[in-house]
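This report is meant for a reader who meets the structure for the first time. Please keep the sequence and the model at hand while reading.

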Amino acid sequence: MSYKPLPFNQYFIDVSQGLGGETSVDFEYKKITYLHHKHEHYAYYKVLYNAARDCIQIFFKETTDDTGWAANFDFAEDYYDSFDFGGKNIQLKVHNGWNIMYRAMKHYIRDDFGEAVKEYISAHGLTASLPTVEIIGWSLGSGQAQLCAQDLFFNFGYKPIVITFGSVKPWYKTNDDMVEYLTYCYKECYNFCDVNDIVTYMPPFPKYFMLHKKSVAQDKFNIFRLFKPGKYHTEYYKDLYGKE
């Protein structure tokens, strides 16, 4: 079967493992244990080769425990990487809690991604074109998905399709070169944010940003609706995506 994208709300159902509908792919998240400020924390991801859709998928889970919330509220910006690209020095800075979390996972993700590529090559042969790569995240996982996209491009040269929901702003702007570089890392990017979803305004400080924010709305913006995350942060399975 050749690659075809899914409806956007199906990606949300899949990354949430069934919230609002039936999943198109079954998997269990891998749990990574790491230390953050000397306390044990957990991170969750999954890399798989989806033979039915002929693509590689990387999923990142939403906040599920107190350690995830602790990472969410570690707002301080932190240096991530500095390197030359296209004759320009790129300095990446990110939200500290999400930086530490992704660094704890990144080598496992790279190894699993390499295995998924081997599965793809085994199915298609050595002369096959590069596989389509989808990176999907929700809430906390949206920040990890955005960091993963840059990491995948930097280390493997793949430009993924990024699809996130209830998306956060993991990047801290150092200059325009940083933004231009990050834009180059993606093939396509859709960071979906309900206008009444308070999580999508995090961190609520200047210079933090996400790329390609896609605003969607169940209802018109009302500041009081920001205090209803049980509705506006969890119902991306609804068909909102033709109403951007």
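The sections below take up aromatic rings, charges over rings, a surface patch and one glycine.

## Basis of the model

The structure is a predicted model, and the values given below are computed from it.

## Aromatic pairs

A search of the whole structure finds 25 aromatic pairs. One of them joins F8 and Y190, whose ring centres are 4.8 Å apart and whose planes make an angle of 55°, an arrangement that counts as tilted. Because F8 belongs to helix α1 (residues 8-15) while Y190 belongs to strand β9 (residues 188-194), this pair ties together parts that lie 182 residues apart in sequence. F8 counts as partly exposed, since its relative accessibility is 22% and the buried class is reserved for values under 20%.

Another pair is formed by F165 and Y241, with 6.2 Å between the ring centres and 75° between the planes, and it is therefore edge-to-face. F165 is found in strand β7 (residues 161-165) and Y241 in the segment after α6, so that this pair connects parts 76 residues apart in sequence. Both F165 and Y241 are buried. The residues of these two pairs also belong to a cluster, in which ring pairs link F8, F12, W138, F165, Y190, F192, Y236, Y237 and Y241.

## Charges over rings

Rings also take part in another kind of arrangement, in which a lysine is the partner. The charged end of K31 is placed over the ring of Y42, at 4.1 Å from the ring centre. In a similar way, the charged end of K159 sits over the ring of Y184, and here the distance to the ring centre is 3.6 Å.

## A nonpolar patch on the surface

On the surface, Y201, F221, I223, F224 and F227 make a nonpolar patch of about 590 Å². One of its members, F221, is located in the loop between β11 (213-216) and α6 (229-232). F221 counts as partly exposed because its relative accessibility is 47%, and the exposed class begins only over 50%.

## The surroundings of G141

G141 is part of helix α4 (residues 140-156). With a relative accessible area of 0%, G141 is buried. When residues up to four places away in sequence are left out, G141 touches F60, K61 and E62. The C-alpha atom of G141 is separated by 8.2 Å from that of S167, a residue 26 positions away along the chain.

Key
Residues numbered from 1 in each chain as written. Predicted model: local features only at pLDDT ≥ 70, side-chain atom pairs only at ≥ 80, totals over all residues. Heavy atoms only, no water. Patch = residues over 30% accessible without salt bridge, like charges linked within 9 Å, V, L, I, M, F, W, Y side chains within 5 Å. Areas by Shrake-Rupley, 256 points an atom, 1.4 Å probe, with all protein chains shown as cover. Salt bridge = Lys/Arg side-chain N within 4 Å of Asp/Glu carboxyl O. Helix = DSSP H or I, 4+ residues; strand = E, 2+ residues; numbered from the N terminus. Buried < 20%, exposed > 50% of the residue type's maximum accessible area, 1.4 Å probe, protein only. Phe/Tyr/Trp six-rings, centres within 6.5 Å; stacked < 30°, edge-to-face > 60°. Lys NZ or Arg CZ within 6 Å of the ring centre and 35° of its normal. Contact = heavy atoms within 4.5 Å.
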